[in-house]
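Let's take a friendly walk through a protein model, one piece at a time. Keep the picture open beside you as you read.

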Amino acid sequence: MYCILLLGYPSTNTSKQVRPTRRWCISQRCVIRKVPEPTLFLYTHTRPFPTVEKPLFEVSDFYRDRFAPHFHRTLELLPIPATNHLVMPPQFDVTPEKEGSISNFFYRQLSFTPDVVSGVSLAGKTAIVTGSNTGIGLEVSRQFLDLGVGRLILAVRNEDKGKAAAAGLSVGRDLKGSSIEVWKLDLDSYESVVAFADRAETLDRLDIAVLNAALVLTKHELNENTGHDETIQVNYLSTALLMALLVPVAKAKRANQDGPTRITLTSSDVCAWTSFKEKKSVPLFPEFDKPGNVNLADRMMVSKLLGQFFLAELAKRVPSSVAVINCATPGMVHDSEFNRQVDLTLAGKIAKVFMRRIGYTSPVGARHITDAAVKHGEETHGQYLSTQKLKPMAPIIYTDEGKKISEQLWKETMAELSFAKIEDLINEMSK
Ligand SMILES: NC(=O)c1ccc[n+]([C@@H]2O[C@H](COP(=O)([O-])OP(=O)(O)OC[C@H]3O[C@@H](n4cnc5c(N)ncnc54)[C@H](OP(=O)(O)O)[C@@H]3O)[C@@H](O)[C@H]2O)c1
């Protein structure tokens with residue numbers, strides 16, 4: 001399988017020059033390299049030529065940096081647009097509709113057990129895991145330690161709980177070559193997110209960040225600081241802010257590490273299940289903030305779906321040579337504290353009986369997240385993983401309606417987070 005880079009002007013000539021070969025083949029117009037996936041990169045000039053009038057796809061910085069020495073003359077001529085670090089979308093082995101169906105979800109839960117993540121050394125590497133005092137985040141942290149991570153940062157809102165988690169993670173473990181730190185991060189507060197990102201700038205390196213913290217509520221609440229719906233605030237807005245703020249950190253640390261930072265968002269199968277009744281509202285956020293009777297299970301699902309929309313947009317603007325940004329579902333996990341409020345209700349108690357039968361334990365569910373963070377490369381940039389494989393995101397993402405929502409959400413998110421100059425920071429990444 002071959003990666004083909006076309007530089008210059010497409011012409012009938014160019015196609016003649018494209019010959020698969022095992023070795024680098026560099027001509028004035030094309031480079032062919034063996035790669036694991038069938039991937040086509042096209043890079044073209046804006047100048048009109050016979051068949052194409054505008055730029056097609058841009059090669060990712062990763063490839064541009066590599067090939068620049070060979071193409072210095074050509075590259076000088078080529079304007080590089082700020083967006084569209086486009087790698088051809090992966091060929092999924094399932095449609096978004098099938099992947100997102102409830103029957104397929106049950107099938108996965110009953111038939112698939114993720115592999116223990118092995119064959120990777122995290123020695124000397126630095127990893128952050130948010131929401132790591134309990135549940136899936138705690139188990140991802142444990143799995144990172146099992147893989148020898150050098151510096152593990154537990155990002156938690158309650159430092160006492162974080163210290164207890166750190167003590168638990170240390171039991172029976174020789175921590176020579178590893179350290180565990182507890183850093184405060186409260187997603188209820190933008191201030192706390194910004195302070196956390198500022199502190200992350202002091203790290204020597206940032207190899208992995210797992211953005212895992214989230215909640216589900218049983219009573220509709222508005223965030224005290226922002227007035228936004230609390231579920232949207234924690235699961236989406238503050239998480240998006242953190243993700244965006246970690247990108248410049250990743251860029252700053254790139255020279256100190258042997259690869260791009262991996263940013264993995266803990267996503268969910270439920271992204272495909274939400275009715276997303278607010279989807280036609282322009283603007284979107286005020287619709288979430290309206291008081292009244294809110295279906296809070298659906299609100300949680302929407303908040304996770306917004307995360308997929310945001311991640312896909314962000315990845316278009318951030319070269320995978322700076323950060324490989326992906327998301328993954330842990331599947332249904334029955335023994336974390338996610339449903340701590342729901343479990344107190346009668347419906348929650350009944351659901352728990354059923355969840356115990358088909359849900360994973362946290363250590364097993366966490367393998368999906370560890371896998372997404374350490375076992376995959378830039379082919380997962382802007383993508384979603386389930387069952388330790390690339391799978392389509394929620395079906396709505398691929399529709400025309402989804403594209404409009406995505407643009408709207410991006411615009412509103414940039415405006416909401418303008419106090420942190422997020423848009424400028426992201427635009428800087430393309431330079
Ligand atoms: N459980 C499942 O079946 C399931 C399925 C799919 C996806 N997921 C996703 O998996 C992730 C982890 O969930 P889990 O099941 O492990 O739940 P969990 O045991 O409740 O863990 C959630 C973590 O998020 C933290 N958190 C909540 N609100 C926060 C805030 N305002 N600021 C900072 N941290 C906050 C919690 O801290 P405190 O302990 O201090 O509250 C906790 O550490 C979530 O993103 C969830 O959406 C879970």
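**A walk through the model**

Let's begin with one small pairing: arginine 262 has valine 324, a residue of strand 10, as its bridge partner. This pairing belongs to a longer match, in which strand 9 (residues 261–266) and strand 10 (residues 323–328) run in the parallel sense and share six bridges. Packed on the sheet is helix 8 (residues 230–253), which touches strand 8 (208–211), strand 9 and strand 10. The direction of helix 8 makes about 170° with that of strand 9.

Before going further, please remember that this is a predicted model.

Now step back to see the sheet itself. It is an open sheet of eight strands, and their order is 7-6-5-8-9-10-11-12, with mixed pairing. Why is one side of strand 7 and of strand 12 left without a neighbour in the sheet? Strand 7 (179–184) and strand 12 (389–391) stand at the edges and have a single partner strand each, so one side of each has no neighbour there. From one strand to the next, the twist averages 25°. Another helix to look for is helix 6 (residues 159–170), which lies across strand 6 (151–156) and strand 7. Helix 6 runs at about 165° to strand 7.

Next, find the ligand. It is surrounded by 28 residues, and the closest are Gly131, Gly135, Ala214, Ser336 and Phe338. Which helix gives the most to this shell? That is helix 5 (residues 135–146), with three residues. Sorted by class, the shell holds 11 nonpolar, 11 polar and six charged residues.

What about the chain as a whole? It has 14 helices and 12 strands. Of its 431 residues, 44% count as buried. Among the contacts in the chain with a separation of 6 or more, 78% come from residues 24 or more positions apart.

Finally, let's ask how confident the predictor is. The mean pLDDT of the chain is 83, and 79% of the residues reach 70 or more. Over residues 1–60, however, the pLDDT is below 50, although this stretch has 103 contacts in the model beyond near neighbours in sequence. Residues 67–88 also have a pLDDT below 50, and that stretch has 35 contacts beyond near neighbours in sequence. Where pLDDT is low, the predicted coordinates should not be read in detail.

Methods
Residues numbered from 1 in each chain as written. Predicted model: local features only at pLDDT ≥ 70, side-chain atom pairs only at ≥ 80, totals over all residues. Near = placed C-beta within 6 Å. Helix = DSSP H or I, 4+ residues; strand = E, 2+ residues; numbered from the N terminus. Nonpolar A, V, L, I, M, F, W, Y, C, P; charged D, E, K, R; others polar. Buried ≥ 20, exposed ≤ 12 C-beta atoms within 10 Å, placed from the backbone. Contact = placed C-beta atoms within 7 Å. pLDDT = per-residue confidence, 0-100. Pairing = 2+ DSSP bridges. Axes fitted to C-alpha atoms, helices over the stretch in contact; angles between N-to-C directions.
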